[in-house]
Amino acid sequence: MRRYTPSAYSPKKRKERIDYLKKVLFLCLFAFLTTAMLLENEKALALSLTGLNLWFQKMIPTLLPFMILSGILIRMNLSDSFAHLFSPLFRPIFQLSDSCIYVLVIGFLCGFPMGARVTAESYQRGKLSRREAELMLAFCNNIGPIYFTGFVFHLFPVEHPWAFLAGMYLLPLLYGLFLRYSSYRDIPRPARIGESGINKMYSSVKKHSLHTAEAPAAAEQKRLPGDPSLFAEMQNSIVSSLCAIASLGGYMILFNLLNLIPEILLPSKLTALQDIIGCILEITSGLSRLPASMAFWGYVLLPFGGLSCIAQTYSMIQETDLSLKNYVGHKIVQTMLAFVYYTFLYVF
């Protein structure tokens, strides 16, 4: 009997070749970047310092407090109570739970990468189902309004800021609404506020009647010294937030350093292409080098966030089973929508 040998086009052989090509590509990239750092040490130092300064001056003051406070709210099971403030506005529109509304509000108000971080934390603690977490990650991880109005508008002033704010925040909100009633319409709708209140009261009375004899033991168990307290959860949130913010700083420095590659490989005449590639690599430093005449491309690339933002998002969701590929796909779609929107805005 003839022995079977896998062909050159078998799935196993194809996967081995792809893995081999990836290794070769990464080795070439590492060798080229190391050589470029040695030959262009002054440029490499300047790019590294730019990434470090942006992280220290922009990222830490604007993100770290929100990371700590949000972590405390989630760990103390207070996030849903906070979301009740916004439920009358968002629940009738999105038909989602208070935990989803909390992610939506924090993601849009606090800015990137808080949307990904809060989604991952809520999902890990069982406040979100996997489908809900996928939906939230698809449109709630955006550039924050403080960053947008304070940094982007300072670089590229506009006559009608509300039109650009709509492009930055209304577009992803409408995109999330479209996803909710199309690809994610299988997510169960939450009970109405009145119904949920009656159900909670009924379940509470039923539980009290069935477990009255166990109440003293349960109360005693709640007072055990090992139970988490505000200070314990504050400590956990601070340590977790510091680790996360340090990781973000490393990504900002690394991807800002990658600007050496287009500066060396591309001719000096193609400065516009170098500036666009810089925004794709690391959005903050790329925008700071982008001339005012190319503000259109800055606004278009903001929803994508750059490869650095994608890597930072991965660092936030790496301990979950959420798909980074799906996240990137949704970001590309939002970038295409932004291109159409700003084209219409600039032309008319």
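Is Leu21 buried or exposed? Leu21 counts as exposed, because its relative accessibility is 56% and the cut-off for exposed is over 50%. Welcome to this structure, which is a predicted model. The points below start at that leucine, then turn to a pair of helices, a set of linked salt bridges, and two pairs of residues that lie far apart in sequence.

**A nonpolar patch on the surface**

- Leu21 sits in helix α1, which covers residues 11–39.
- Together with Tyr20 and Val24, Leu21 makes a nonpolar surface patch of about 320 Å².

**Two helices that cross**

- Two packed helices are described by the angle between their axes and the distance between the axes.
- For helix α8 (residues 145–155) and helix α9 (residues 161–180), the axes come within 12 Å and cross at roughly 135°.
- That angle makes α8 oblique to α9, because only angles over 145 degrees count as roughly antiparallel, and those from 65 to 115 as roughly perpendicular.
- The crossing of α8 past α9 is right-handed.

**Salt bridges around helix α7**

- The structure holds six salt bridges, and the ones described here include Arg130 and Arg131 as partners.
- Within helix α7 (residues 130–139), Glu134 and Arg130 are four residues apart, so about one helical turn separates them.
- The side chains of Glu134 and Arg130 meet in a salt bridge, with 2.2 Å from N to O.
- Which of these two partners is buried, and which is partly exposed? Glu134 counts as buried because its relative accessibility is 13%, whereas Arg130 is partly exposed at 34%.
- Arg130 also forms a salt bridge with Asp321, at 3.1 Å from N to O.
- Because Arg130 lies in helix α7 and Asp321 in the loop between α17 (306–317) and α18 (324–347), this pair ties together parts that are 191 residues apart in sequence.
- Asp321 counts as partly exposed, with a relative accessibility of 42%.
- Arg131 and Asp186 meet through their side chains in another salt bridge, at 2.9 Å from N to O.
- Here Arg131 belongs to helix α7 and Asp186 to the loop between α9 and α10 (193–210), so the pair ties together parts that are 55 residues apart in sequence.
- Arg131 is partly exposed, with a relative accessible area of 30%, and Asp186 also counts as partly exposed, at 48%.
- Through salt bridges that share partners, Arg130, Arg131, Glu134, Asp186 and Asp321 are joined into one network.

**Residues far apart along the chain**

- Where does Ile317 lie? Ile317 is found in helix α17.
- With a relative accessible area of 2%, Ile317 is buried, because buried means under 20%.
- Ile317 and Tyr123 are 194 residues apart in sequence, and their C-alpha atoms are 9.7 Å apart in space.
- Ala46 is part of helix α2, which covers residues 41–75.
- Ala46 counts as partly exposed, since its relative accessibility is 41%.
- How many residues apart along the chain are Ala46 and Leu257? They are 211 residues apart, and their C-alpha atoms are separated by 8.8 Å.

Terms used. Residues are numbered from 1 along each chain as its sequence is written. This is a predicted model: local features need pLDDT of at least 70, side-chain atom pairs count only at pLDDT 80 or more; totals for chains, interfaces and linings use all residues. Side-chain values use heavy atoms; hydrogens and water are left out. Patches are made of residues with over 30% relative accessible area and no salt bridge: like charges are joined within 9 Å, nonpolar side chains (Val, Leu, Ile, Met, Phe, Trp, Tyr) within 5 Å. Accessible areas come from the Shrake-Rupley method with a 1.4 Å probe; for residues, only the protein chains shown count as cover. A salt bridge is a side-chain nitrogen of Lys or Arg within 4 Å of a carboxyl oxygen of Asp or Glu. Helices (H or I, at least four residues) and strands (E, at least two) are DSSP runs, numbered from the N terminus. Buried means under 20% relative accessible area, exposed over 50%, partly exposed in between (1.4 Å probe, protein chains only). Axes are lines fitted to C-alpha atoms, for helices over the stretch in contact, and angles run from 0 to 180 degrees between N-to-C directions. Angles under 35 degrees count as roughly parallel, over 145 as roughly antiparallel, 65 to 115 as roughly perpendicular and the rest as oblique. A crossing is left-handed if the near helix is turned anticlockwise from the far one by less than a right angle, and right-handed if clockwise.
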